[in-house]
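Subject: Structure handover

Hello,

The structure we discussed is below. My notes on the strand pairing and one helix residue follow it.

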Amino acid sequence: MDTTENAYTIAVTGTATAAQLNTINSKTSVAVNASGVTAITGDSADFALLVAAASSPNATITLKADVTATVNDAITVTAANALAALTTGVVTATLTTGSLSSFAELAETGNAYTATVSDADDAELSATALS
């Protein structure tokens with residue numbers, strides 16, 4: 001699979017990394033069926049590409065409705081919201097350090113987030129498993 005000019009019909013099952021799904025997606029002009037993937041892991045940059053590819057109206061990859069996602073590095077609240085909006089499965093991630101009010105923007109529940117909250121005095125509080 002060398003170019004995107006080919007119209008490969010591809011179905012992916014099992015577990016995968018976000019980078020693997022992005023690579024497969026880049027090799028075909030047909031939407032990739034990844035609805036058989038139960039769990040995805042990867043770095044935030046790879047998830048950002050995957051979220052863009054899986055977002056409507058021009059989605060080029062289809063994900064399972066309840067796929068779980070584990071992000072290996074820190075992501076922003078905005079990125080966490082975008083990822084969580086694609087699945088009813090649990091998103092596990094460390095959120096970038098921010099003020100308590102910045103975490104109020106989390107739009108989804110039932111996820112496993114770890115966050116470091118810095119207050120106005122820059123004193124840090126550790127909070128885990130925000131939902």
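Strand β4 (residues 68-71) pairs with β2 in the parallel sense, over four bridges. Within this pairing, threonine 41 has threonine 70 of β4 as its bridge partner. Please note that this is a predicted model.

β2 has further pairings. Strand β1 (residues 11-17) and β2, which spans residues 32-42, are joined by six bridges, again in the parallel sense. Here threonine 13 is bridged to glycine 36 in β2. Between the two strands the chain passes through helix α1 (residues 18-25), and this β-α-β crossover is right-handed.

Strand β3 (residues 61-63) also runs parallel to β2, with three bridges between them. Leucine 63 in β3 stands opposite alanine 34. The chain gets from β2 to β3 by way of helix α2 (residues 44-54), in a β-α-β crossover that is right-handed.

The residue I looked at is asparagine 25, which is found in helix α1. Is asparagine 25 buried or exposed? Its relative accessibility is 14%, and because the cut-off for buried is under 20%, asparagine 25 counts as buried. Leaving aside neighbours within four places in sequence, asparagine 25 is in contact with Val32, Ala53, Thr60 and Ile61. Of these, Val32 falls within the residue range of β2, Ala53 within that of helix α2, and Ile61 within that of β3.

Regards

Note on methods
Residues are numbered from 1 along each chain as its sequence is written. This is a predicted model: local features need pLDDT of at least 70, side-chain atom pairs count only at pLDDT 80 or more; totals for chains, interfaces and linings use all residues. Side-chain values use heavy atoms; hydrogens and water are left out. Two strands pair if DSSP finds at least two bridges between them. A crossover is right-handed if, with the strands pointing away from the viewer, the path from the first strand over the helix to the second runs clockwise. Buried means under 20% relative accessible area, exposed over 50%, partly exposed in between (1.4 Å probe, protein chains only). Contact means heavy atoms within 4.5 Å.
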